[in-house]
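Biologist: I am still learning to read structures, and I would like a close look at a single part of this one. Please take me through the place where two helices pack against each other, and then say a little about the surroundings.

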Amino acid sequence: MISVPRWLLMALAAMFSGYHVVLGISSLSTEVAASPWPIIVALVLYAIATVLSLWPARRARMPDWLAALDLAVGIVLPVLVTSQLDPSAENGYATWYVAAVGTLMTIAAARRQLVVAWAGVIVLAVQTVVWAGPLALGQLGVIGSLVWVGIAHMLSAALAGAARATRRYAQAEREAAAWQAAQDAHLFEGRMRLAQTQRLASPMLRRIADGGHALSDAERAECRTLEAAIRDEIRGRMLLTDAVRAAVRSARDRGATVTLLDEGGIDELDEAERDRILSQLAEVVESTRADRIIARTAAEGSPVAVTIVGLSGGDGEAAESEDAEVQLWLEIPRAG
């Protein structure tokens with residue numbers, strides 16, 4: 001991709017505009033104009049408008065007040081200069097104002113003031129026809145000014161389209177990077193959970209695989225505890241810390257059933273807030289005497305981070321018994 005420095009474009013525009021000023025000043029030395037003063041005023045106005053239009057600015061789009069000034073100068077210039085010229089005579093460089101107005105309107109078009117640019121050259125064309133007739137449009141170069149504004153319009157539209165496409169591509173790139181980061185995070189978490197599961201289950205799996213070893217009742221109970229721990233690693237996700245794991249294991253050792261369900265409600269919390277919530281969760285699980293404990297994250301955006309329910313009583317599984325009673329109901333707030 002080849003880019004042209006902005007200062008170079010501005011320098012070229014300034015040189016081109018300055019050339020029209022030189023032509024206007026040189027026309028003063030001839031005797032074509034009836035009076036030089038209107039032409040001098042026109043030169044001063046054109047120079048001021050050009051300097052303001054080319055002055056370095058942070059925004060590419062020309063301010064509305066400056067565009068209005070350029071349009072006013074583009075309307076006044078032909079009136080001032082042609083008031084001192086004879087339309088039937090050979091005026092030579094005295095018609096410098098045609099190219100000057102075209103240049104000024106081209107600058108306005110390049111700075112995204114397209115309506116002003118077209119209005120300026122159309123007024124120039126109408127004034128030329130009124131002053132010297134339709135044939136003067138080609139003789140004085142008005143058609144060239146129209147062409148330059150048209151080219152500037154097309155380039156401006158193309159650049160605006162390219163800028164929009166660049167923003168879309170940048171947004172798509174950010175979304176792709178975020179998606180890739182999420183996939184990498186899921187892959188890393190999966191590997192971590194797999195390693196944790198392997199660390200928990202490997203010793204017992206080796207004993208089970210030993211054909212000459214019969215599992216005792218204690219080992220069978222340990223298998224059930226390991227199965228529940230592995231289930232926690234899959235469903236508990238962000239709810240698990242060493243303190244929570246120890247509290248859950250202690251509750252299961254005394255015969256309680258513990259279920260941890262993480263549905264993503266605390267993923268966006270910072271580490272300090274998450275540690276506070278999980279520390280309180282571990283304390284509650286450790287202290288309660290409920291037969292069945294359920295800890296679940298709340299929906300994202302809820303003021304509650306984790307809801308803990310403890311059920312006791314009933315026959316069989318407390319959660320499935322109609323006689324089960326709620327012994328514990330605690331909502332840990334998202335903000336401390």
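Modeller: What follows is a look at one helix pair, then at some record annotations, and last at a pocket. Please keep in mind throughout that this is a predicted model. The pair consists of helix α3, which covers residues 64-82, and helix α4, which covers residues 96-110, and their axes lie 10 Å apart at an angle of about 175 degrees. Because angles over 145 degrees count as roughly antiparallel, α3 is described as roughly antiparallel to α4. On the α3 side, the contact is made by Asp70, Leu71, Val73, Gly74, Leu77, Pro78, Val81 and Thr82, and these meet Trp96, Tyr97, Ala100, Val101, Leu104 and Met105 of α4. Sorted by character, the residues of this contact are 11 nonpolar, 2 polar and 1 charged.

The UniProt record, in an unreviewed entry, places the feature "transmembrane region" at several stretches, including residues 62-81 and 93-110. Over residues 93-110 the model is 83% helix and 0% strand, with the end C-alpha atoms 26 Å apart. Another stretch that the record lists under this feature is 140-162, where the chain is 91% helix and 0% strand and the end C-alpha atoms are 35 Å apart. The record, again as an unreviewed entry, also places a "coiled-coil region" at residues 155-182, and in the model that span is 100% helix and 0% strand, its end C-alpha atoms lying 40 Å apart.

Further along the chain, the second largest pocket has a volume of about 330 Å³, and of the 15 residues that line this pocket, the closest to its centre are Arg224, Thr225, Ala228, Arg252 and Ala256. Helices α8 (217-235) and α9 (242-253) and strand β1 (257-261) each supply at least two residues of the lining, and the largest share, 8 residues, comes from α8. By character, the lining of the second largest pocket divides into 4 nonpolar, 4 polar and 7 charged residues.

Conventions: Residues numbered from 1 in each chain as written. Predicted model: local features only at pLDDT ≥ 70, side-chain atom pairs only at ≥ 80, totals over all residues. Heavy atoms only, no water. 1 Å grid on protein atoms, 1.4 Å probe; cavity = no way out; pocket = protein on both sides within 12 Å on 5 of 7 lines; lining within 4 Å. Points joined across faces, edges and corners; volume = space filled by probe spheres on them. Helix = DSSP H or I, 4+ residues; strand = E, 2+ residues; numbered from the N terminus. Nonpolar A, V, L, I, M, F, W, Y, C, P; charged D, E, K, R; others polar. Axes fitted to C-alpha atoms, helices over the stretch in contact; angles between N-to-C directions. Parallel < 35°, antiparallel > 145°, perpendicular 65-115°, else oblique. Contact = heavy atoms within 4.5 Å. UniProt positions renumbered as here; feature names shortened; annotations may be inferred.
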